[in-house]
Amino acid sequence: MTRSDAAPKARGGVGYGMDLEAPGMLWAALVRAPVPHGRIVRMELGPARRMPGVVAVVGPDEIRTLLPKGALEAERPVFPLDEIRYRGEPIAAVAAETLEQARHAAAAVVPVVESLRTDARIEDVFPEWPSAAAAKDPRVVGHVHARHGDVEARFRSADLVHSETYHTSGVHQVALEPHACLGEARGGKFRVRTSTQTPFGLREDLASILGIFESSLVVEGTWVGGGFGGKGAAFLEPYALLLAVASRRPVKLSVTYAEEFELGRTTLPSIIRLDTAVRGGKIVGRRVRLLLDTGASLPGRDFAVGYSIGFLLGPYRTETYEIEGFAVQTNKPPFGPHRAPFAPQSVFALESHIDGLARRLGVDPIEFRLRQVWREGDRTAYDQPVGPFGLEAGLKAAARTAGAWRTRLPAGHGIGVACGFWSTSVGAGGEARLSLRPDGLVILQGEREIGNGSVVHGLAVVAERVLGLSLAAIRVDYGDTATAPFDSGVFGSRTLGALGQAVERGARSLVTILAKRVGASEIHLEIKSGQVLVVAGRRRHKLVDLLTPTERAEGGLVVEGKFYGPEREVDASRVLAGSVYPYQDFTGAVHLAEVEVDRETGHLRVVRYAAFQDVGTAVDPSAVQGQVEGGVVMGLGAALSEEMLWTPEARLANPGLLDYRLPRLRDVPPIHVELIEGFAGAGPFGAKGVGEPPIIPVPAAVANAVADATGTRVFEMPLTPERVARALKLL
Amino acid sequence: MHLDPFELHRPESVEETVRLARDLGPGFDYLAGGTDLLPNYKMHLNVRPHLIALDQVRELQGYTPERIGAMTRLANLDADPEIARWYPALGEAVHGVATPLVRASGTVGGNLLVETRCFFFNQSFFWRASLGFCLKADGDRCHVVPQKEKCYATFSGDLAPALQVLGATVEVAAPEGNRRLPLDELYAADGDGIQRHRLGPGELLVAVHLPPEARRVRSTYLKLRPRPSFDFPELGLAAALTRDGDRLSSLEVAAGGLETYPRRFRSITEGFVGGTFTDDRIRELAAAIQAAVRPVHNTAYPPDYRKRMTGVFVRRAVRALWEGRGAS
Ligand SMILES: Cc1cc2nc3c(=O)[nH]c(=O)nc-3n(C[C@H](O)[C@H](O)[C@H](O)COP(=O)(O)OP(=O)(O)OC[C@H]3O[C@@H](n4cnc5c(N)ncnc54)[C@H](O)[C@@H]3O)c2cc1C
Ligand code: SF4
């Protein structure tokens, strides 16, 4: 199937954030904090204001003078009012006629700062593993504690207790397009055009930061050059809008790639302790402890811990468990979502651990997992019933492939398996407006395509399936937050799964209305000579003849499709502190990696790779395949070489694409993708969201392959040659 | 990241070039492919107001297997099967430089004179300003070895060690006339990462010459780097030898990516030439070279790892050559 955005993108015909322009536009640059933690004693903006081309300079004072009162009370004001919390945090901003002038002026602002103690890493905050009392430490911004059953007794009577500690690293989304936006402010009305995955969420966020009503602000998304979670919450927009107020001109703000890295909002490190009690070959008790670096984030980050722990418990039946996790504030930029937030890191630890346990027991790792994985009807740790789940089927398929690989496995190679699970997010729901016109269908909605095709293509495919109308006669239109109906955003693998259901519902109501009008029980649509026909058995009606005069005047039959998801529940009595989250559906992913280990250098070569992806229903198989391949490649980066390196002074040492090492195409092995259908998910036609699941098991699969090849486990990701070499005791 | 304005000069002969260089004094840089210089300029690293572009200078263009003009693009060498056949080490080194895009612009001269690299140096202006500038650009201390007043930036060109073991010499033009010197002498063994070569003010690298013996040795180049598709050398190990029955009749080993200059291990390899060569001897050689190198902590991999890998790579390269097979 050809995507409608393919040709315009290939021809350079779509506009990204970087392409934004407006008449009279100024360019902006940020003044960034020179210390990771401190107070601004003095900051003179006057000299920068007098520099050539400079039109406006704004700092903390301008929040007070230029914005409504609410802006001072925002949870996170435009600029920090008291403390600088991370190195490079924007503390002022400049707008000038040219980008060079803006950057020069920004560099001329030299604040006098008083430095405060820096906590660069989790270990700086907690040199020892914290006790429950740590929940009261001001640097703990999230705490979750839950338990079920007599864990202690199970550990006491276990045949074997397997205990390990894992470390994971910071990983960046690396969307090809850095953040960019253009803000305008006139007469108390604000408009921002920006590259965003969540226009409506951003509107809410910005309204609170600027102290304005949501109705005073319009967010218009540009085409998004990759998001991967990094283009959600407010990022550059508040600075551009404040400068627009100060200068009374449109202001464009974009960042360099170094700034993109240094401003962060991505996956941060974690330390994970896992203890598992086994009796009779089965897991009978689990202890999971987590320290999650959340950077300079504010209190109320329980969800980060809750999600992580869900992945750390994994898709395994657990009779008894105790879990406790802390979100730890450090002087790094705040964490932010990153394709399958918290999952690849957590699953690296869990699946390495499970694999090691199986090996210790002398059981085949796939067989061992098959003994404990959820099946439909099982209960999760928080007592939610498990729905249709293709993980077992995935493991069985993987076992066949692994068997075939093993028959011709060269010396020095190993095969690793890992599984992961995900749940399609509903978000806060979503809506779409469908207008069936005499010449075709137009779906108006509020999300911009972020690259995977789920918006411009996926939503059209859903309508095609319901209506029977060919794709060529379906157009997905975009509207800004003033014109489009609400939707929660392109995240959580929800676009097709949740917004797609809004489209599905809208399409079904079109069918119902038209069936009634032609007096049939079943109809479908066709397009012939540019005319939409309503087909009921042998009868064909021109749509145009079925429209009321009002509809004709309005251009067609218009319906709203809405989807706000069913409420799911967990047993909250098991949760002693913080909160945990129910799943919408259960999406499984099983991966196999064959890895060659250079036992003298620690270098790894992933020789081949296979992914077995539970998709519910593959609405568009080639698009799903692309998602799975992309997820694997991204996961390989995190497994092998991608890592944000901070110095003890909380300085990011590798803010660039030379030293932050993404895989290049030549580093990627052949990837075999197998789609597992038949386990219905929460999306239309039983589809499951698959944007995120394919990245999840990758680091674990690679680590398990290394263990298979060498008998040695690496407890830290990424598995750089140096780490592998140390694990192999070469150093 | 933006380039500051500069004035571009485009001479057409060596004579014109060195004259221009003399007239401009210290305020210029030569611009070859620009793949090293311009990224550094964008980070405001030692920016000069004048650039002398070498792309029109006649004598620097073109190559034969004996004489490689300084402006020869790496892509041209990479595409030439003769180079790989005559000089395997050179072919492998060229092929391992960066990416096809960089090789299309990057030149041999630029590669030999590539700026030394350091974690604390190859960073944006904001980054360096917030840490405090270092000796190599704008500052007065070293963040790697703070006790010393010396720069330890690492030589990270791929071609130099390969050409060293092949016995290359270089042709240099100066206002006073041309001179020829062994490639080793282009670099200062006792120097530092700032004064990374021994060219005099305004001196121009014109060409690299390879002696006839270079075709008779077995040679290879092994590169240690995070991604096999990219990345500067964390260790670039070149070896060349000739075998006469069980006797080793010549041996050269050189390494880049470890210290401030590409280092040839003459004083060590000499001791192995002439005698019979065995696996034990190969191990001794590897251990001796490993013990001699002094990497510091300013690249992606830590020094203990690079040092250890030096031994591994020497062993692999020399053993493969000795046994008459490719090492990479
Ligand atoms: C992304 C990236 C990856 C890279 N990876 C590698 C790598 O893996 N291995 C590697 O070796 N290099 C690498 N490089 C560095 C560089 O691209 C190569 O070394 C290249 O060969 C440099 O050649 P150039 O012609 O572009 O040099 P330029 O940038 O033009 O010049 C480099 C230096 O040499 C001087 N110079 C150039 N020619 C002469 C001359 N004839 N006489 C006197 N001085 C001269 C210049 O003044 C300058 O100081 C990489 C660069 C980039 C951007
Ligand atoms: S080694 Fe020291 S002086 Fe040299 S570039 Fe690095 S920090 Fe600067």
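**Close-ups of a predicted two-chain model**

**View 1. Gly38(A) has Ile84(A) as its bridge partner in E4(A).** This is a predicted model, and that goes for every view below. Strand E2 of chain A, residues 38–42, runs antiparallel to E4(A), and the two are joined over 2 bridges. Zoom out a little and you find an open sheet of 3 strands, in the order E4-E2-E6 of chain A, with antiparallel pairing. Its edges are E4 (83–84) and E6 (112–115) of chain A, each of which pairs on one side only. A general point to keep in mind when looking at side chains here: in a regular strand they alternate between the two faces of the sheet.

**View 2. E20(A) and E21(A) make a hairpin with 2 residues between them.** Strand E20 covers residues 524–528 of chain A and strand E21 covers residues 531–536; they pair in the antiparallel sense over 5 bridges. Look for Lys528(A), which sits opposite Gln531(A) of E21(A). In the turn, Ser529(A) has a positive phi of about 45 degrees.

**View 3. Val518(A) belongs to helix H16 of chain A, residues 495–518.** Is this valine buried, exposed or partly exposed? Val518(A) has 16 C-beta neighbours inside 10 Å, so it counts as partly exposed. Setting aside neighbours within four places in sequence, Val518(A) touches Ile523(A), Val534(A), Ala536(A), Arg539(A), His541(A) and Leu546(A). For a sense of scale, pick Gly306(A): 212 residues separate it from Val518(A) in sequence, and the C-alpha to C-alpha distance is 52 Å.

**View 4. Domains 2 and 3 of chain A have C-alpha centres 37 Å apart.** Their contact draws 20 residues from domain 2 of chain A and 18 residues from domain 3 of chain A. On the domain 2 side, the residues that touch domain 3 come out as 10 nonpolar, 7 polar and 3 charged. If you want to find the pieces in the sequence, domain 1 of chain A is 14–117 + 179–254, domain 2 is 270–425 + 572–727, and domain 3 is 430–563.

**View 5. Chains A and B meet through 21 residues of chain A and 21 residues of chain B.** What kinds of residue does chain A bring to this interface? The side of chain A that touches chain B has 7 nonpolar, 3 polar and 11 charged residues.

**View 6. Ligand 1 sits in a shell of 32 residues.** The closest are Ala32(B), Gly33(B), Gly106(B), Gly109(B) and Gly110(B). Both chains, A and B, have residues around ligand 1, so the site is shared between chains. Which elements of chain B supply at least two residues each to this shell? They are E2, H2 (37–42), H6 (100–105), H7 (108–112) and E7. Sorted by class, the shell holds 17 nonpolar, 10 polar and 5 charged residues.

**View 7. Ligand 2 is surrounded by 14 residues, with Cys118(B), Phe121(B), Cys134(B), Cys142(B) and Cys151(B) the closest.** By class, the shell around ligand 2 splits into 10 nonpolar, 3 polar and 1 charged.

**View 8. Helix H1 of chain B, residues 14–24, has Val14(B), Thr17(B), Val18(B) and Ala21(B) buried.** Why do these four end up on the same side of H1(B)? They span an arc of only 90 degrees around the axis, which puts them on the same side of the helix. What they pack against is a set of strands of chain B: E2 (28–31), E3 (50–53), E5 (169–174) and E7 (204–209). Just past the end of H1(B) comes Gly25(B), with a positive phi of about 65 degrees.

**View 9. Chain B is split into domain 1 (58–212) and domain 2 (218–323).** Measuring over C-alpha atoms, the two domain centres are 19 Å apart. The contact involves 36 residues of domain 1 and 28 residues of domain 2 of chain B. On the domain 1 side, the elements giving two or more residues are helices H5 (88–95) and H9 (159–165) of chain B. Of these, H9(B) gives the most, with 5 residues. That side of domain 1 divides into 21 nonpolar, 9 polar and 6 charged residues.

Conventions. Residues are numbered from 1 along each chain as its sequence is written. Chains are lettered from A and ligands numbered from 1 in the order in which they are written. This is a predicted model: local features need pLDDT of at least 70, side-chain atom pairs count only at pLDDT 80 or more; totals for chains, interfaces and linings use all residues. A residue is near a molecule or strand if its C-beta atom, placed from the backbone, lies within 6 Å of it. Ala, Val, Leu, Ile, Met, Phe, Trp, Tyr, Cys and Pro count as nonpolar, Asp, Glu, Lys and Arg as charged, and the others, Gly among them, as polar. Two residues are in contact if their C-beta atoms, placed from the backbone, lie within 7 Å. A residue is buried if 20 or more other C-beta atoms lie within 10 Å of its own, exposed if 12 or fewer, and partly exposed in between; C-beta atoms are placed from the backbone. The arc is that of the directions from the helix axis to the C-beta atoms. Two strands pair if DSSP finds at least two bridges between them. Domain bounds come from an automatic or database domain assignment.
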